Protein chains: 4
Amino acid sequence: MSEKKKSPATAIATSSTDQIVVRGRDLVEDLMGKIDFTTMICLHLNGGRLPEPGEVAVVNAVLVALMEHGLTPSSITARLIYDSSPESIQGAVAAGLLGAGSQFLGSTEDAARILQAGVVEIEAGRAVDEVAAELADGFARDRTPVPGFGHHIHRPDDPRAPRLFEIARESGTAGAHQELLLALSRALDEAKGKHITINATGAVAAVLSDVGYPWYALRGFSLIARSAGLIGHVMEEADRPTARALWAMAEREIPYDGDLP
Amino acid sequence: MSEKKKSPATAIATSSTDQIVVRGRDLVEDLMGKIDFTTMICLHLNGGRLPEPGEVAVVNAVLVALMEHGLTPSSITARLIYDSSPESIQGAVAAGLLGAGSQFLGSTEDAARILQAGVVEIEAGRAVDEVAAELADGFARDRTPVPGFGHHIHRPDDPRAPRLFEIARESGTAGAHQELLLALSRALDEAKGKHITINATGAVAAVLSDVGYPWYALRGFSLIARSAGLIGHVMEEADRPTARALWAMAEREIPYDGDLP
Amino acid sequence: MSEKKKSPATAIATSSTDQIVVRGRDLVEDLMGKIDFTTMICLHLNGGRLPEPGEVAVVNAVLVALMEHGLTPSSITARLIYDSSPESIQGAVAAGLLGAGSQFLGSTEDAARILQAGVVEIEAGRAVDEVAAELADGFARDRTPVPGFGHHIHRPDDPRAPRLFEIARESGTAGAHQELLLALSRALDEAKGKHITINATGAVAAVLSDVGYPWYALRGFSLIARSAGLIGHVMEEADRPTARALWAMAEREIPYDGDLP
Amino acid sequence: MSEKKKSPATAIATSSTDQIVVRGRDLVEDLMGKIDFTTMICLHLNGGRLPEPGEVAVVNAVLVALMEHGLTPSSITARLIYDSSPESIQGAVAAGLLGAGSQFLGSTEDAARILQAGVVEIEAGRAVDEVAAELADGFARDRTPVPGFGHHIHRPDDPRAPRLFEIARESGTAGAHQELLLALSRALDEAKGKHITINATGAVAAVLSDVGYPWYALRGFSLIARSAGLIGHVMEEADRPTARALWAMAEREIPYDGDLP
């Protein structure tokens, strides 16, 4: 990122009567029709650097993997709000995105923070397996959930994780963060005496860290992917409504058990 | 879209212990690493049809064009909310997206609705220029703003519009909606006796209509593009804060003029 | 409301090192401990006029009536979002409020608009029953739902409606809008040959119109009341979770019926 | 709060064809016209207990104090979003409420958590001044900001704080939390060698803790009060627009300083 400056300014975009500039490039001449949307996202979130093809491949795979998970708290929310306010699709999408908080996306950030801190130590000279073992021992001792590991449905492995690792290798971007995550996986299996799933969250953290994104940028990719996912739900809801059935279901299965007058 | 069914169901996604299915395809085998994010978006918003390359080219150009406009009500909002609640990036993005309402995006939908209705008449046998002239006369008579025309900065033309038309032609998707929009532009210039800018909104409406999206899907593309744009603003705000300056500015330039006790 | 002025200014609040002024009054000396929250709301939404006791009684009854309806799309939403992002209660409340759109609150505004337009005619000299009959005939002819009438649960009457009318009469604020709504009810029953419920929405529209609020202020009272309601749901959710059960229910009862790979 | 139960249920509300029950009371018979909105809020956030008059007095004072602060990040946001989407007032209010996060409201919760933990120790036998001195020493040693103390405008004291203390005393609810906050204030002044303002946040934390609210309920009162405040801003914006001026101001004073093509 650019160094902080005293008086507020922005390096994002400007325009004049006949030109629109985004990140130092002419939107019409240099970007539209020349680069795809994923490249544009990378350029924007990277602070203006045109991404390498390998970075674009990894970001595409991450966005494709995260876009859609069917009926989840956030897509159910978008459907309920759309049904209440069909004139405001942006309200339905905004409400759904508000579910992208600590319980679902926090773990991506936590996993990336751990991997990025570990890689700093590895680059300072420590062995990968040593860093991994120390992390695994810490989690085992504290009996805390390990960010990036475990899944309530997918067993023995979340199928998205090995695919993301593979795409990162094929794109030439696999590096120290993936290596550390895999070493941590081996160390955890040993420490716990059983196999712990590497989930999509952990794999996303590793492959995006390997192409250079700081941990706090990761929630951004989920929000972009989910916004596309939620619009698909809203469009399906317009065509095949579920919201009234969801409401009736909630009233039926969550009964009132307070006092009666 | 699929036909409406009695009991609620979804055709979006499902998963089992070892497989995730999105729109009838295996996420890991068929989609990740095989298609890019824009193709995935088209697939999702189209209800499951794999898009032609021309459609992807047009959607890429539209998303690239719409992603970023610098400091606007929605990016200022995202920055203010991020500064208040930096622990909740999703809150900043959601707040910014709530600005995507009638005043800015309504006109894309209105333009698409007009073009799609006009093309129905053309396909039923009327001449393009006749439909265009009738529309232009209506707007001139009612003295109402014409959706898709006019811009407060860009003159004589919004540079994004001709570029979108060009990309649509090059991708082989240019069709009756673009033709009608251009005919309407000529008719308006004649009716008003001066050149009226075709804005990006009108051009987006035409090129997305030509690849087959219904008018009510268009707000979705803006929301996806803007969500990426807003994340870039949040990341810049984290690095180079502007929110406190904006707040001070508002207090200074919008004085209290009510009574005093 | 005050007349529009050229350069932007606000008549809401200002502060100095030792004083806070809200609506022309010293917050600490004149308001805190002197007036209750409902009076403060009236003062604020009225543009600074201290309300009469009758107005406060009616607004209290309306806010008490609207605060809570159990499990509805907006409270289910707040619970789902709280479960995803418990660190951001404001996100849960914001998401829930986004459900306060055209399908639930639009009818309050529509009812108030009709009543306020009708009272203008009555004040210009037309008879109440004539205006009511004309409205009833119009709805019967167009076969459109009548804003403020009908309810999917409460029969023969929504019990809140007569209570609101009674409170308005007791507080001395009942006036032409209530009179017109009751005349419209009689005319509708006659036109349709059966009794149509006056719902809470219609009654709220009448009693708030009678104390002088313009139709477009009415959504505001619902939002205030609902924000309190939603916080109660979030606090109950923290104590007795329902969100995971709601999610499981949705997955179970809204099956995937798309293609399989 | 009630103990957790196995199968999901709610004690908030239920209804039948002729009755609406909220918190074990008949809405129409027992609540509407019998209690005011503030009492209804207390009843709801307390889990169903009818509040004492002293509790209602304190909650009224808190809600009146928090409702309105003029142009702040959250009211500026509501105005910008309203201008973009005037058809969706709920979107403007929701966007504004999203600013009620850690930077502004987090400190109320932090202050209440500290006071509530301190009072547990005092009730277990420690002296108030000893607990206060220990807290003050800790903050002085760590050089961290003290939740509930300090203000960027109000000096030497935030006028709302002493007024809230006074109202709590007059209402007979002042207790150990207020006593501890005042002892902490004396200890901080001594430890720092200068007077540190007790801000409204600290005073709200003390007086609401003294009437029995858990620290995590406090954000709720701010959200209710702010929702009323934001609606006043939206209504003023409808009458006397500021959003376009704010946008122009932002573009003018936050210039683009990135590269040019």
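**Exercise 1. Find how many residues chain C and chain D each give to their contact, and say which element of chain C supplies the largest share.**

Step 1. Count both sides: chain C brings 73 residues to the contact and chain D brings 72. Two residues are in contact here if their C-beta atoms, placed from the backbone, lie within 7 Å. This is a predicted model, in which local features need pLDDT of at least 70, side-chain atom pairs count only at pLDDT 80 or more, and totals for chains, interfaces and linings use all residues. Residues are numbered from 1 along each chain as its sequence is written, while chains are lettered from A and ligands numbered from 1 in the order in which they are written.

Step 2. Look for the elements. Those of chain C that each supply at least two residues of the side touching chain D include strand E1 (13-15), strand E2 (20-22), helix H3 (53-66) and helix H11 (218-239). Helices (H or I, at least four residues) and strands (E, at least two) are DSSP runs, numbered from the N terminus.

Step 3. Pick the main contributor: H11(C) gives the largest share, 13 residues.

Step 4. Sort by class. The side of chain C that touches chain D has 38 nonpolar, 23 polar and 12 charged residues. In this scheme Ala, Val, Leu, Ile, Met, Phe, Trp, Tyr, Cys and Pro count as nonpolar, Asp, Glu, Lys and Arg as charged, and the others, Gly among them, as polar.

**Exercise 2. Work out which rotation lays chain C on chain D, and which residue of chain C comes closest to the axis.**

Step 1. Recall the idea: two copies of a chain are related by a rotation about an axis and a shift along it.

Step 2. Apply it. A turn of 180° with a shift of 0.0 Å along the axis lays chain C on chain D, with an RMSD of 0.0 Å. Copies are superposed by least squares on the C-alpha atoms of residues with pLDDT of at least 70 in both.

Step 3. Find the residue: Ala94(C) comes closest to the rotation axis, with its C-alpha at 2.2 Å.

Step 4. Check the surfaces. The same surface serves both copies, as 99% of the contact residues of chain C recur in chain D.

**Exercise 3. Now treat chain B and chain D in the same way: what relation do they have, and how is their contact built?**

Step 1. Chain B is superposed on chain D by a rotation of 180° with 0.0 Å of shift along its axis (RMSD 0.0 Å). That is the relation of a two-fold axis.

Step 2. In chain B, the C-alpha nearest the axis belongs to Ala95(B), 2.2 Å away from it.

Step 3. The contact takes 34 residues from chain B and 33 from chain D. Helix H4 (73-84), helix H5 (89-97) and helix H12 (243-253) of chain B each supply at least two residues of the side that touches chain D. H4(B) has the largest share, eight residues.

Step 4. By class, that side of chain B holds 17 nonpolar, 13 polar and four charged residues.

**Exercise 4. Decide how helices H6 and H9 of chain D are oriented to each other, and name the residues that make the contact.**

Step 1. Helix H6 (residues 106-123) and helix H9 (residues 176-192) of chain D pack at about 105°, with their axes 9 Å apart. Axes are lines fitted to C-alpha atoms, for helices over the stretch in contact, and angles run from 0 to 180 degrees between N-to-C directions.

Step 2. H6(D) and H9(D) are therefore roughly perpendicular to each other; angles of 65 to 115 degrees count as such.

Step 3. H6(D) uses Leu115(D), Gly118(D), Val119(D) and Ile122(D), and H9(D) uses Ala176(D), His177(D), Leu180(D) and Leu181(D). Six of these residues are nonpolar, two are polar and none is charged.

**Exercise 5. Is Asp110(C) buried or exposed?**

Step 1. Locate the residue: Asp110(C) is in helix H6 (residues 106-123) of chain C.

Step 2. Count its surroundings. Asp110(C) is buried, with 20 other C-beta atoms within 10 Å. A residue is buried if 20 or more other C-beta atoms lie within 10 Å of its own, exposed if 12 or fewer, and partly exposed in between, with C-beta atoms placed from the backbone.

Step 3. Compare with a helix: in helix H5 (residues 89-97) of chain D, nine of nine residues are buried.

Definitions and conventions:
Angles under 35 degrees count as roughly parallel, over 145 as roughly antiparallel, 65 to 115 as roughly perpendicular and the rest as oblique.
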